[in-house]
Amino acid sequence: MHKVIDQAFAAALYTDGDEGLDTGASLLAADPTADEALRRRGEEFVRRAWERGWQPADLVRVVRRDLEPGHEQLLCSLITSEVAAYDRLPPRWQPQLDALDPAPYRAGDRFSGATATLELYRLLLRLPSIEPVGPAPGASFLVSQPHHHAEPRMLGRIRALLAKAEATGFPEEAEALSAKAQELMARHSIDEARLSAQGHDPDAPAACRIGVDAPYETAKAILLDAVAGANHCRAVWNGAYSFSTVVGFEPDLEVVELLYTSLLVQGTAAMTRAEAGQRAGGRKRTKTFRQSFLMAYASRLGQRLAETAQQVTAAEADGSLLPVLAARDVAVEAGADRMFPRTTTTRVRGATDYEGWEHGTAAADAAQVGAPGNPKNPKNPRPGLSRGTS
């Protein structure tokens, strides 16, 4: 143990305010021999975060939200060096590591660097335990192999369709492409259920976390909840740490993330275009327009996604498969209830901007499948969200 580090931590990590940080940073800045041990302590804090259920993307998200870019670079460096000690990583970790900021952290002077380090360590130390969505590095786990040779090809087709929907400037084309993608997703889920019925899929439901970032995070969480529900998954929102946990079977989890990301891109682009038209007419209430737009977009898409999933199921699933689909839905609900035994459903605050609601509803009709319907009352929409209480 390094005495200077212990003194610095006692001053900075277990107290609030800048005075303790300044004291700790001064101690560390005056002793260059502590640098290597200080970094090892940081790797230990990261490792403890894994044990409490956190994953790389989760840590980056909370540091990006609560601290500064320099802290994120320091964290990414710690994560990279910490995970290098493992022979293999849990599922879903490598894409998170690939997305880390590669820029090296550079402090202007030793005191500034020590201050940033202590601020980061204090945040990591105070993170609570959260529901794990997979094993931590170093734990024994089995890496499941795809059992359906057509799965990568199917996901490739879905990605290509969604990419085209995001890129096109024609709402009708985006609607057709997104509709086709949702149909493929629904058929893919049915194919997986059919394999399960034949005894080829012994897996239980799994879980993943998807970031739900500000601004307008409530509307984004509603959108993710709609996408999850239409694809045989369940989403539980943790607003405190800006993510939703999605519970479902592995093939469905990946398509939920794909579709949610694409619809969010499409919705944001449509909102920007609609807002530009409003501002050109002299309107200045940007925030209320955006909030109402995204709330309507999420609410309407929820209806249309559910309709598409029901239509595909009715057309593709024979009578012998319906009990299997029902059993998988029950397993997902049971898995979510085990992870979140104290989940509550919260009524969200209604949208107040009529024009934002109308534009958002129209954008949802353009982005997804089905005939346009009547907009809900923009003064009193009542979507609900499942929240975890951890």
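## Salt bridges, a buried helix and two free cysteines

Arg-126 counts as partly exposed, at 43% relative accessibility. It is a handy place to start a walk through this predicted model. Arg-126 forms a salt bridge with Asp-16, and their closest N and O atoms are 2.9 Å apart. Asp-16 sits in the loop between α1 (3-12) and α2 (18-29) while Arg-126 belongs to helix α7, so this pair ties together parts that are 110 residues apart in sequence. Asp-16 itself is exposed, with a relative accessible area of 63%.

In total, the structure holds 15 salt bridges. Two of them involve Arg-234. One is with Glu-333, at 3.1 Å from N to O. That pair links distant parts of the chain, with Glu-333 in helix α13 (residues 322-339) and Arg-234 in strand β2 (residues 234-238), 99 residues apart. Another joins Arg-234 to Asp-337, where the closest N and O atoms are 2.7 Å apart. Here too distant parts of the chain are linked: Asp-337 is in helix α13 and Arg-234 in strand β2, 103 residues apart. Salt bridges that share partners also join Asp-58, Arg-61 and Arg-209 into one network.

How accessible are the residues that meet at Arg-234? The table lists them.

| Residue | Relative accessible area | Class |
|---|---|---|
| Glu-333 | 38% | partly exposed |
| Arg-234 | 15% | buried |
| Asp-337 | 40% | partly exposed |

Arg-234 is thus a buried residue that has salt bridges to Glu-333 and Asp-337.

Now for helix α4, which spans residues 56-66. Which of its residues are buried? They are Pro-56, Asp-58, Leu-59, Val-60, Arg-61, Val-62 and Val-63. Asp-58 and Arg-61 will be familiar from the salt-bridge network with Arg-209. The cover over the buried residues of α4 includes the helices α3 (35-51), α5 (69-83), α6 (93-98) and α7 (110-126), together with the strands β1 (206-211) and β3 (243-248).

Finally, the cysteines. How many disulfides does a search of the whole structure find? The count is zero. Cys-208 is in no disulfide, and the nearest cysteine sulfur, that of Cys-233, is 7.7 Å away. The same holds from the other side: Cys-233 is in no disulfide, its nearest cysteine sulfur being that of Cys-208, at 7.7 Å. A disulfide needs sulfur atoms within 2.5 Å, so the pair does not qualify. Are these two cysteines buried or exposed? Cys-208 is buried, with a relative accessible area of 4%, and Cys-233 is buried at 8%.

How values were computed: Residues are numbered from 1 along each chain as its sequence is written. This is a predicted model: local features need pLDDT of at least 70, side-chain atom pairs count only at pLDDT 80 or more; totals for chains, interfaces and linings use all residues. Side-chain values use heavy atoms; hydrogens and water are left out. Buried means under 20% relative accessible area, exposed over 50%, partly exposed in between (1.4 Å probe, protein chains only). Helices (H or I, at least four residues) and strands (E, at least two) are DSSP runs, numbered from the N terminus. Contact means heavy atoms within 4.5 Å. A salt bridge is a side-chain nitrogen of Lys or Arg within 4 Å of a carboxyl oxygen of Asp or Glu.
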